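Student: I should like to go through the reasoning behind several descriptions of this model. Please show the structure first.

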Amino acid sequence: METDHAVAELLGLDTTGLLAFFATLPAPSIEEMDGEYTARLLAQPNLVASVTGRGTVSNPLAPWLCKAFRPVDGQTGRGYNTFRQFGRIRQRYAMHTLIAPSRYDGRPAYTLVYRAYASMCGVINMVDEVRRAAPGVYLGIGTWGFTARQRRIPLPFLLTGPVGAYRGDIGTARRGLTPGPRELPGPKEAAR
C-alpha cells in the first residue's frame with residue numbers, strides 16, 4: 001500500500017512540489033537499481049516541456065515503456081530506455097550511472113549520464129537524477145540542453161519496479177569521456 005500511496009502523491013504534485021519532495025528523498029544505491037522500471041512523465045514545468053515531453057515519450061507509434069539499470073561495480077552502472085516501436089520492443093539511449101551530487105541541492109542522487117554513449121540523448125546533454133520515494137517508487141528529474149540555462153529546467157518522471165530483468169548492454173561508449181561539470185554540475189549550476 002505504501003507504493004500506491006507514493007505513486008498517487010507524486011501524480012498529484014506540480015513541478016514545484018515535485019522538486020521540493022525530491023529534496024527530501026534519499027538516493028538509491030548502485031546495487032539497488034537493477035532491472036527494468038516502468039516509466040512515465042510527471043507534471044512538467046511549462047507548456048513547451050509538456051508538449052515536447054509528451055511528443056517524445058508518449059508518441060503512440062513509439063511509447064516510452066521503461067528505464068533499465070545494472071550495477072557494473074560498487075561505484076557505477078549502465079542502463080538504457082525501452083520503447084515499443086511499431087509493436088516491437090526496442091532498447092535505446094544507453095547511459096552511464098553513478099552516485100553524484102544533485103544539481104538541485106548538492107546531496108547524493110543516482111545520476112544517469114547519457115553523454116557517455118553515442119545517442120541523441122548524449123548529443124543534447126541529457127542527465128537524469130533519481131531518488132527513492134518509497135520501496136519500488138522513484139522520483140526522477142531529467143534535464144537536457146546546450147546551455148546552463150536550458151539544463152536548469154527540471155523535467156520530472158516516475159519509475160516503479162523493478163518489473164523485469166535487465167535485457168543487456170547497448171550503445172557505443174564515447175572513448176575518454178569523464179563526466180564533468182556539464183553532466184555533474186552539483187548545485188553550482190542551479191544557483192546561476
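Student: Why does Thr82 count as buried or exposed?

Tutor: This is a predicted model, in which local features need pLDDT of at least 70, side-chain atom pairs count only at pLDDT 80 or more, and totals for chains, interfaces and linings use all residues. Residues are numbered from 1 along each chain as its sequence is written, and side-chain values use heavy atoms, without hydrogens and water. Buried means under 20% relative accessible area, exposed over 50%, and partly exposed in between (1.4 Å probe, protein chains only). Thr82 has 1% relative accessibility, so Thr82 is buried.

Student: What does Thr82 touch, not counting residues up to four places away in sequence?

Tutor: Thr82, found in strand S3 (residues 76–85), touches Glu36, Pro63, Trp64, Leu65, Cys66, Ile89, Arg90 and Gln91. Contact here means heavy atoms within 4.5 Å. Strands (E, at least two residues) and helices (H or I, at least four) are DSSP runs, numbered from the N terminus.

Student: Why is Phe146 called partly exposed?

Tutor: Its relative accessible area is 49%, and therefore Phe146 is partly exposed. Phe146 lies in the loop between strand S7 (137–143) and strand S8 (155–164).

Student: How do you know that the buried residues of helix H1 are on the same side?

Tutor: In H1 (residues 2–11), the buried residues are Ala6, Val7 and Leu10. They cover an arc of only 100° around the axis, so they are on the same side of H1. The arc is that of the directions from the helix axis to the C-beta atoms. Exposed Asp4 and His5 are carried on the face turned away from that buried side.
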